Each structure stands twice: as C-alpha cells, then as structure tokens.
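Open your viewer and keep the selection box handy. We will walk from stop to stop, and at each one you will hear what to select and what is there.

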Amino acid sequence: MKIVVLSGSIAGSKTRSAARYTAEYLQEHYAEHETALIDLAEYAMEFADGRNYLDYRGDTGMVAQSIMASDILLLGSPIYQASIPGVLKNVFDLLPGDALRDKVVGMFITAGSQRHNLIPEIQLKPILSYLKAHIVETYVFIEERSFQGSSIVDDDVRFRLQRLIDDALTLADVYARVRELKDEQYGF
Amino acid sequence: MELQFDANKGLEFGLYTLGDHLPDPATGRRISAEQRIQEIIQLATLADQAGLDFFSVGESHQEGFATQAHAVVLSAVAQATRQIRVSSTSTIISTSDPVRVYENFATLDLISGGRAEIVAGRASRIGLFELLGYDIRDYEDLYEEKFELLLQINREEVVNWEGKFRAPLREARILPRPVGGTLPIWRAVGGSVGSAVKAGRLGVPMVLAHLGGPVSSFKGMIDVYRETAAEHGHDPAKLPVATAGFFHVADSSQQALRELYPHINEGMKITNGRGFPKQLFAQGVDPHNVMNIGSPQEIIEKILYQHEQFGMQRYIAQMDFGGVPFERLQHNIEVIAGEILPAVRKYTRKEAA
C-alpha cells in the first residue's frame, strides 16, 4: 500500500517531529508498504486557484498527486487559532471533491494546550468526511511536554502513534477486502 | 435560423464525442490521433446513414484529446454526411475570439447546407487558459462577455461592440453569413444550478450534460432554467433543451455495465485524475438514473421516462469515451437505428389531433 505521512505545518517543530517518527516507524516496521513523508515546510506551495489537481506544477502538483495516489494518509496538524493551519487547509483545497474516497486517513495533532483537544473533531473531521475519507476515529493528541528537542520522549505518545499506524493499516486492509467483495457482487 | 423542433417528429436523437483520445483499457493500446479523427468522421457517417438527428464534437486542449481543432473536424464531418446536424459540444468560447468562432461555424453551415449549430461552454479543465494566453481569474467574465458577443454577431451582420477582452468592433461586417441568416447557438451547462439559471436569464437554448445521478436532480435544473427564463421575459416553450450523457447498449444491463465501466473509469482517471466509483456506476442501470446503459428495451424505457420528466427536445448520447473500440460503436448505432430510435420516435411523437 502507498502511505503518505503529511506534516501539515510550516512553523514550529512538533508536528514535523511526530510526522518523522511516524514515517520512520512505518519504514522500519512495515517495509512492505511504500511510505513517503511530505513536510509542507520543505515545499514551495501555491495557493489553490480552482484548477484540476493534475494542472498544478512543481511542488504543489507533486504534493496533490502524491496524496491522490495514496491508500493511507496520516495527517499531522498543529492547532492554530482554534483550527488547522491555513497551509494544511490549502492542501485540501487543491484536491477535487471526493478526493479521499477509498482512502484511510488517520490524524495526529500537536498543540500547546489541552483546551484544543476537541478541535480536530469540529474542524478537521468534517473536511475529511466531506472528501469521503474512511477516518480512523481515534486520533493522537500530543502536547508540548511530550517532546524534547525533536524527539518524542513520552512513551505513551509513541504507543499511541504506533496504534494509530496499526489501526490505519488494519482499516485499509479491511476496506480493500470489502471493495473486493463488492466488486464480486457487482460482477463488472 | 431559429431552432425549430417539430413535435410531430418526436424526440431528436444524436451523438456527441468529446474527441478524447485514450487507450482501450482492455489492451492498454491507444490508436493514433489520425485514426481517432478518421473514426470520429466515420462514426458521424454511420449516424447519418442510420437516421440520427445530430452529431457533435468537443474542444479540449489537454492531453488525452485529439479534436482541439474541432471546427476543422466538423467541416470534414459536414462533407461526409447528408442529413445530420453538425455542432460543437462544446466550443470553449471563453478562450476564443467570437468573431473567428462565428466565421468558422457560418462556413461550416455553408459547407453542410445549413446544418451547423454551436454549443458554447467555458471548459471544465482550465489548462487552456494558460495555453491560449488568458487569465483564469477572468473565468466568469470571459465566458459571459464572449458568449454575449457571439449572440450579437449572430443577430446582427454589422456589429458595433466594445468590451474588456477583445478589441472593439466598429461597423464590423462578420462574414460569411449562414444559410438561414443565423445559427442555432446553445449554452453548455454542467452540473451546477447556477449555470442553468444564467442560461435561463439569457433566454438561450441549453444543453445539459449529465454524467450520472437521479433524473429528479436534473429535472430540478431544467425546471429552474425554464422558470428563470420566464421570469426574464423569455418564452420557455421556445427554448429547446438538450440533455447529454453516457450511453451503451448490450444484450443485458449487466453486460452493458461490464463492457462500459472500464472505459469510463480508466478514461476519467486519465482526464480528471479520479475514476468513477463502481457503486455509483452500478446505480446507472436504475430506470430513474440518467445514464442510458442497459438492454435496448431498458434504454427505450429510460429515455421515455427522461422525456416525460424533462420534456427535452433532443437527447445526445456519448458512447465513445475512454477508447471504446470502433466495432462496439458500430453495434451501438445498429441497435439505435434498428430498435431504440423507432420506439423513441413513436412514443414521443405528438399525435396529430
């Protein structure tokens, strides 16, 4: 399966650190899958202007096409002003409607305050539902104190990220089988 | 020439092609652009011989298409056919000079002996804006300004006009003039109600494209179009509506789905970057779904139901998307001519009282 780990921020380091950990864990323990880490901070992204995603060039086109080609998307996002960062919303805006159909999407959220822990429920999940993603319902919420430099020093966070990966892979596998079953029923 | 639909003849039946040039998913191979264009002309010839009413070719400037110069292809179609009406579906008027478009289609009308029409649209993919030197931020304004100029050129042989996106026209005589003096000009409408409202406001005929979904949704759009037209002082009874969508006939609906699905799904992946969900496609055979896919009898019933709901004057079928082999198109036309068309005409004809 094709897995994209997306670090959805260009500021700060927590989301990137969690994304790196997630991607490295996947590469190490699930080498049979193809994992790519996309850190938005490393790309020159254009703003979405309504064109088909195939018509974006350069980094913007690469990011949009990688997400569209993936089976699993693991999204990292910080919480800014009680929502997701504009750069991450821009990524969603590049994509067509129903872009995440048949894809499993898991989330890990970094934040400076516990007060933000329901923000993904009200800000991020509606976007993913609209794009028809199969959402891994439980997300990983990570606070500042779980990091030291760029390392995750909180074992509980590591365990929860590992479970997120495991859940996403399991769900993707199950949904793939469901599709196969349905295909047989359709008979075309 | 004003469009005259004779209710005594029943629903008109036509074909349209987007001019896509895609591999056949069964073999992975793609015929040459030369062969594709020849086959489009051949398809039009067969449709003409089979007594269909209309044949049209689309303009797309992205990869995977072969009829960028659709007016040139249409002139060959005109020369190869005798009765069938020839049109674009659609001419992208936003990124064209309406003067040149009119010159081309008036000429097409002279070549075809008065059979030409224009369907003007604004493109779903926007790569052609960059290719042809337009700014995508003008997407809406370009369409409205150029569409209205096209209508004005059609109404008036000598044009005085000033606008934002083209040099002014002063006492400009736009020639040649078509056989009947004017050309039928339609507005292409996709999936949005807003587009149908705008067409109604202008009081121009509408071609409504429908890829799939319930008849009731598209009926809503047609109702809104007619209501808006009436609110703006146009007589809806004089505004024809054409509907356009996928068509494939086989011995059974299951076979039709099996034969067509890979073409639509793979073709859409290449041209739009997304396939067609199988679940939605499977619903295409429902009698109340707009996709005309199934056995001859099922398709007849679907078209009659659509006609009853929409009250459209013309239905145009897209049967060649995604590298469908030519023999399959031939078979479709044979069944249309032999079974579908006679029934559709018989049951949609208004009996002379």
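The tour starts with some ground rules and then moves through the two chains.

This is a predicted model, in which local features need pLDDT of at least 70, side-chain atom pairs count only at pLDDT 80 or more, and totals for chains, interfaces and linings use all residues. Residues are numbered from 1 along each chain as its sequence is written, while chains are lettered from A and ligands numbered from 1 in the order in which they are written.

**Stop 1: where the chains meet**

Colour the two chains differently and look at their contact, which takes 14 residues from chain A and 14 residues from chain B. Two residues are in contact if their C-beta atoms, placed from the backbone, lie within 7 Å. On the chain A side there are six nonpolar, two polar and six charged residues. Here Ala, Val, Leu, Ile, Met, Phe, Trp, Tyr, Cys and Pro count as nonpolar, Asp, Glu, Lys and Arg as charged, and the others, Gly among them, as polar.

Now select A:Asn52, in the loop between strand S2 (34-39) and helix H2 (58-69) of chain A. Helices (H or I, at least four residues) and strands (E, at least two) are DSSP runs, numbered from the N terminus. Which residues does A:Asn52 contact, leaving aside its neighbours within four places in sequence? They are A:Pro96, B:Arg125, B:Asn272 and B:Gly273. A:Asn52 has 18 other C-beta atoms within 10 Å, so it is partly exposed. A residue is buried if 20 or more other C-beta atoms lie within 10 Å of its own, exposed if 12 or fewer, and partly exposed in between, with C-beta atoms placed from the backbone.

**Stop 2: helix H8 of chain B**

From A:Asn52, step across to B:Gly273, which sits just after H8(B) and takes a positive phi of about 85°. Follow H8(B) (residues 253-272) to B:Leu260, where the helix bends by about 35°, with B:Pro262 following within four residues. The bend at a residue is the angle between axes fitted to the seven residues ending there and the seven starting there. Buried residues of H8(B) include B:Leu257, B:Leu260 and B:Tyr261.

**Stop 3: two packed helices**

Select residues 296-310 (H10) and 326-348 (H11) of chain B: these helices pack at an angle of about 35°, with their axes 10 Å apart. Axes are lines fitted to C-alpha atoms, for helices over the stretch in contact, and angles run from 0 to 180 degrees between N-to-C directions. The contact of H10(B) with H11(B) has 10 nonpolar, two polar and one charged residues. Then find B:Ile336, where H11(B) bends by about 50°.

**Stop 4: the cores**

Select B:Val207 and B:Leu208, which have the most contacts inside the largest nonpolar core, of 100 residues. A nonpolar core is a set of buried Ala, Val, Leu, Ile, Met, Phe, Trp, Tyr and Cys residues joined through C-beta atoms within 7 Å. Apart from this one lies another core, of 48 residues, among them A:Leu75 and A:Val136.

**Stop 5: backbone details**

Finish with B:Ser90, whose peptide bond from B:Thr89 is cis, with omega near 0°. The bond from B:Leu175 to B:Pro176 is also cis, with omega near -5°. Last comes B:Ala123, which has a positive phi of about 80° although it is not a glycine; B:Ala123 counts as buried because it has 20 C-beta neighbours inside 10 Å.
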